[in-house]
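Welcome to a short tour of this fold. Have the coordinates open as you read, and follow along strand by strand and ring by ring.

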Amino acid sequence: MTNTTTVIEAVFYLLSKLGPSDKLKLIKLIYLADKFHLIRYGRTVTRDKYLAMEHGPVGSVVKDVLSFNSKSLSASELRCACALFEETDTYTFKAKQSATERDFDMLSESDIESFDFVINQFGRMTQWELRDYTHKYPEWYQHEQLLKAGQSRSEPINTKELLSLLDNDPLTMPMEHLTESGKILTGNYD
């Protein structure tokens, strides 16, 4: 089950490290951090449900948080998000100065490791470069024809599909490690 407060802290952590950032870039960086963490530790940071959409994989709760969606978020979740970051321009967000000394209570050491890795590997890419990069992963690519033809606006991505890798992928781990992460994810140790 997704913990919305973890997603809110994830967005804030990225904004506090990167400075003002585009919505699409934040969505893609959280997706890559979730992939990194799943590959390494057998669970995603956010436990979000992913969808393949026109611009690549999108965490449904991440999308709701960055839209300040009052239909999907509770009043306390909205207050928490509004206290930590704000939309400064259409689709651009920044961390609030008053919140920059906040502790990241909902993020574990391995969660922060994942975000730091993603910032170092992908943080200098533009939102469009990140979109194009994430389109290469099979969990999105398998739905490309449906999405581009307008036959679907979104297709569900099974979390296990996030264990995919690309050639020369910075997220790469040995196949045995991926197998173990898959067992942790599914709870199937046979």
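Let's begin with a turn: β4 and β5 form a hairpin with 2 residues between them, and Tyr91 in that turn has a positive phi of about 70 degrees. Please keep in mind that this is a predicted model.

**The hairpin and its neighbour**

Strand β4 (residues 85-89) pairs with β5 in the antiparallel sense. On its other pairing, β5 meets strand β1 (residues 21-22), again antiparallel. The table gives the bridge counts together with one bridge from each pairing, and adds the β2 and β6 pairing discussed further on.

| Strand pair | Bridges | One bridge in the pair |
|---|---|---|
| β4 and β5 | 4 bridges | Glu86 with Lys94 |
| β1 and β5 | 2 bridges | Asp22 with Thr92 |
| β2 and β6 | 4 bridges | Met53 with Ser154 |

Which side chains of β5 are buried? Phe93 and Ala95 point to one face and are buried, while Thr92 and Lys94 point to the other face and are not. So two residues that appear in the table as bridge partners, Thr92 and Lys94, belong to the face of β5 that is not buried.**The open sheet**

A separate topic is the open sheet of 3 strands, which has the order β3-β2-β6 with antiparallel pairing. Its edges are β3 (56-59) and β6 (154-157); each has a single partner strand, so one side of each is left without a neighbour in the sheet. Direction ignored, neighbouring strands here are turned by 35 degrees against each other on average. Helix α2 lies across β2 and β3, and runs at about 85 degrees to β3.

**The nonpolar core**

In soluble globular proteins, nonpolar side chains tend to be buried together. In this model, the largest nonpolar core has 54 residues. Leu32, Phe85, Phe115 and Phe122 have the most contacts inside this core. Elements that each supply at least two of its residues include α1 (4-18), β2, α3 (60-66), α4 (75-84), β5 (92-95) and α5 (109-122). Helix α2 gives the most, with 10 residues.

Phe122 is a good residue to click on. Leaving aside its neighbours within four places in sequence, Phe122 is in contact with Leu29, Leu32, Leu130, Tyr133, Pro170 and Leu171.

**Aromatic rings**

How many aromatic pairs are there? The count comes to 11. One of them joins Tyr31 and Tyr50, with 5.6 Å from centre to centre and 65 degrees between the planes, an edge-to-face arrangement. This pair links distant parts of the chain: Tyr31 is in helix α2 (residues 23-41) and Tyr50 is in strand β2 (residues 50-53), 19 residues apart. Tyr31 and Tyr50 are both buried.

Why is the pair of Phe85 and Phe93 edge-to-face? The ring centres are 6.4 Å apart and the planes stand at 75 degrees; planes over 60 degrees apart count as edge-to-face. Phe85 and Phe93 are buried as well.

Ring pairs also build a cluster, linking Tyr31, Tyr50, Phe122, Tyr133 and Tyr137. Tyr137 has a charged visitor too: the charged end of Lys35 sits over its ring, 4.0 Å from the centre. Elsewhere, Arg40 lies over the face of Phe117, at 5.8 Å from the ring centre.

Notes:
Residues numbered from 1 in each chain as written. Predicted model: local features only at pLDDT ≥ 70, side-chain atom pairs only at ≥ 80, totals over all residues. Heavy atoms only, no water. Phe/Tyr/Trp six-rings, centres within 6.5 Å; stacked < 30°, edge-to-face > 60°. Buried < 20%, exposed > 50% of the residue type's maximum accessible area, 1.4 Å probe, protein only. Lys NZ or Arg CZ within 6 Å of the ring centre and 35° of its normal. Pairing = 2+ DSSP bridges. Axes fitted to C-alpha atoms, helices over the stretch in contact; angles between N-to-C directions. Contact = heavy atoms within 4.5 Å. Core = buried A, V, L, I, M, F, W, Y, C linked by side-chain atoms within 4.5 Å.
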